[in-house]
Amino acid sequence: FSISTYNKMWTDAQKDLDIQLQREREEFLQPEKDRMEAFKMLAASYIKYMQIFRNLEMAHDQLVHRQKRMVIRQVLDGVIGRILEIKKEMVELENSEFHYIDNILEDLKLLPEDIEVPIPRYFIKEKLEVLQQREEILDRILLDAGLQTQKPVKAMTFEEAIKMIQVAERARQGRCRAAFMKQIYLEEKRERQTKLQVQMGPSPDAAATCIQKVWRGYIQRKKTEKMRGEEMIFLGMSLPPHLKAMNISQMHAGQVNALEVEVQERHEEVFIKDKLRETEGLDIKETLQDQIGQCFIECRHIIGKFPDYPTEEAGGSMAILSQKTPEQVAAELAARKEMALQKKAQKGKKEQEGKEKTKGKKPQKTGKKVRAPGEEGWKMAPSNFLSMMEEGNSQYKAIWQNRGEGWDFLQDHDPELIKEEKREEVEEEIRVQVDELMQQKLENLKLAVDGEKSDKQKKGRKSEKVRQAMMSLVHRTIDSLYRELVEEGLLIKAKTVNLSDYVGKYSYLGTTLRQVDIEPMPSLADVRQLIALYGILPLGSQTVHEKAPLVKALLLAGPAGVGKKTLVHAICTETGANLFNLSASNIAGKYPGKNGLQMMLHMVLKVAKQLQPSVVWIGETEEIFSKAAPKAEEMNPKRLEKILPKFLKALKAQDRVLLVGTTNRPFDANLKSFCKVYQKIILIPRPDYASRFGKYFLWKHIILQNGGAITNLLNISCLAKVSDGFTQGHIIQAVQAVLSELRLLQMTRKPLRTAEFMTSLARQNPVYKEEEETFK
């Protein structure tokens, strides 16, 4: 049933994608003069792609058929990339990172939750084992360096252990003996009662007494069980009912998910590939040898001598076995040699001509053509992901759309499709082996027939010398660099925080405020979406990162307590990224001097690229770009100011490394260099009273998360009203101050009241409107 459900979900997503691709071909190719209409068209496509993304991600996660998952994965990456491209166009049209499209959602009969960016689960699932190993290594290094303390384990002597085992064993024997004696006693009692009933008959008083005994025993057992449970909760040996992680249905769902993961991870491809190599390997090898040998003979018959064997870079025997005549093969090999000689001869000539041409001229700037709003109007930029989606869509139509699957009960793989894929890999592996044999055979033939000697051996000696020289250069391993960065406190352990833990609701007043020319403050849901789009999705997928609009640096700006660090940790948790802390306070006194700083950044860059994805976090980043007078060199926070642009320049599209800065005083920075480094700036506001339902939800979520119980005596609406001007951090501190261990134990007799939280909240300093205006 579940397989058919997710198959249908995939089919529906592919149908929607087909319609959307048709729209892309028709509507987006036409220029649009009205910017509002262009934005509506983009927003509608963004919403539709987000729905397709959600369905494809669910189908990819739940289906176990690996060929289906490969097709879905290709389309899924394409859809993610297209969403990022459309987002970029929307930002350029509105000159704002935050969009308010509730009127479009209303027309489509959708809720804001329907366009929440889902985090693909394959980001973590596919490298879970690697991440677990890396976490163990990190814990071990932190323990060895004394940066992390382990809970002390009480050692037990040998005698104490024996005594404990003896006590437990005697108790077990005593329980068994008691149960056995009770059984004998009950059997004897039953026999006596049966005899009395036969002799005297049933008595109403005796029956009433029996019922009373059973009922009183039942009530007492229930009371005792409840008291025992409360005692275990008090001692901390079991969780309270509201904190119990899973009920029976959730446990069953977890078992099913574990089974699905096990089926998804079966390595049937390896088995089928080995079987193919075993059954068809010899035939493929013999066929290749015969074909290559025939090519040698034909070439010599036509041109009078044996050809040179193509190098591995040129494709090896693939160049010989292409669909060409022997004359064409020989001519092509000769032409390649001539081309190589011509390139060397012309290289110097071209350089000389280039110098003469550029002498006295200014170099012309080349770059992306900016679309000016003229008569032509707005037009969609070319996409890097449409071809990927088209290919996946056509593959779905050709193979899976009308495929009968009644025979496939397990729905885990199709062996014939795997054979077709793996046969090419087996042929390629065998071809490499055959190339080595046939190359040697060709040398022997040349020596025996034409009397030629190859100069390959000399070349081999030279390359061996070069190799030895390269090996003599001692380079540090990634492991040693990783250990050093951890010991220096530059590579830290990220907290386990999901993006969904950053609670916040959608603001429904955005469109209304913009209609009267007031720029609304972004809601927490908008911030969560931007973090997913700019931080999590590109870092999680290599394909998306390489082809989507590249975001190298991200700045999170907002007052203290709004969750900037939480979002940084959430990016790392959702993508499995390493977290490097290059905050000014953290690098103070470390790697002194300009050379030391360059070496530190080189180490960070090397480890971050090798163990990508990675997040480089700079807390209180305004200190690096501050206008204040410089301090001593080693303690100066401005050390990174000049070198950060070079660090970002070294990051390429294939490097999944993101620089994230956090600041609660961005107005203290020198804005020119500040904005040059940070490509995207996201303002994170405090939860305001305008989104009161969001604040209501926030209070409720935090109280329940900390073990509190909500009753009629607790007016959360009042708390949401009173806490206007306070951040999430203030609310968390107020709740944690009230809900101590003692207060949680008293909750059944003394329910929570509104005044308790208000007293605790009054001790905090709110964010004033003047500061908020400065942020805007």
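Which residue stands opposite Ser614 in strand 4? Asn578 does. The views below come from a predicted model.

**View 1. The whole protein chain, in outline.**
The protein chain has 776 residues, and 39% of them are buried. Its secondary structure comes to 30 helices and 6 strands. The accessible surface is about 47,800 Å². Carbon and sulfur atoms hold 56% of that surface. Take the contacts between residues at least 6 apart in sequence: 83% of them join residues at least 24 apart.

**View 2. The open sheet of 6 strands.**
The strand order is 1-3-4-5-2-6, and the pairing is mixed. Strand 1 and strand 6 (680-683) are the edge strands, and each pairs on one side only. Strand 1 meets strand 3 in the antiparallel sense, over 2 bridges. Here Ile492 stands opposite Leu579 in strand 3. Strand 3 and strand 4 pair in the parallel sense, over 4 bridges. Asn578 and Ser614 face each other in this pairing.

**View 3. Strand 4 and its two faces.**
Is strand 4 open to the surroundings or largely enclosed by the rest of the structure? Strand 4 is largely enclosed, because 6 of its 6 residues are buried. Both faces are covered. One side carries Ser614, Val616 and Ile618. The other side carries Val615, Trp617 and Gly619. Strand 4 also runs parallel to strand 5, and 6 bridges join the two. Among the residues of strand 4, Val615 has Leu658 in strand 5 as its bridge partner.

**View 4. Helix 20 across the sheet.**
Helix 20 spans residues 564-575. This helix lies across strand 2 (553-557), strand 3, strand 4 (614-619) and strand 5 (657-663). Its angle to strand 4 is about 170°.

**View 5. Helix 16 and its cover.**
Helix 16 covers residues 478-487. Which of its residues are buried? They are Ile478, Leu481, Tyr482, Glu484, Leu485 and Val486. An α-helix has 3.6 residues a turn, so residues three or four places apart point the same way. The cover over the buried residues of helix 16 includes two helices, helix 6 (128-145) and helix 22 (593-610). Strand 1 (491-492) and strand 3 (578-581) are also part of that cover. After helix 16 comes Gly489, with a positive phi near 80°.

**View 6. Asp102 and its contacts from elsewhere in the sequence.**
Asp102 sits in helix 4 (residues 102-107). Is Asp102 buried or exposed? Asp102 counts as buried, because its relative accessibility is 17% and the cut-off for buried is under 20%. Beyond its neighbours within four places in sequence, Asp102 touches Tyr506, Tyr508 and Thr511. Asp102 and Thr511 are 409 residues apart in sequence. In space, their C-alpha atoms are 7.1 Å apart.

**View 7. Thr754 in helix 29.**
Thr754 belongs to helix 29 (residues 754-762). Thr754 is buried, at a relative accessible area of 12%. What does Thr754 contact, leaving aside its neighbours within four places in sequence? Its contacts are Leu713, Leu714, Asn715, Cys718 and Leu719.

**View 8. A nonpolar patch on the surface.**
Phe234, Leu235, Met237 and Leu745 make a nonpolar surface patch of about 450 Å². Leu745 is found in helix 28 (residues 741-745). Leu745 is partly exposed, with a relative accessible area of 41%.

Methods. Residues numbered from 1 in each chain as written. Predicted model: local features only at pLDDT ≥ 70, side-chain atom pairs only at ≥ 80, totals over all residues. Heavy atoms only, no water. Buried < 20%, exposed > 50% of the residue type's maximum accessible area, 1.4 Å probe, protein only. Contact = heavy atoms within 4.5 Å. Areas by Shrake-Rupley, 256 points an atom, 1.4 Å probe, with all protein chains shown as cover. Pairing = 2+ DSSP bridges. Axes fitted to C-alpha atoms, helices over the stretch in contact; angles between N-to-C directions. Patch = residues over 30% accessible without salt bridge, like charges linked within 9 Å, V, L, I, M, F, W, Y side chains within 5 Å. Salt bridge = Lys/Arg side-chain N within 4 Å of Asp/Glu carboxyl O.
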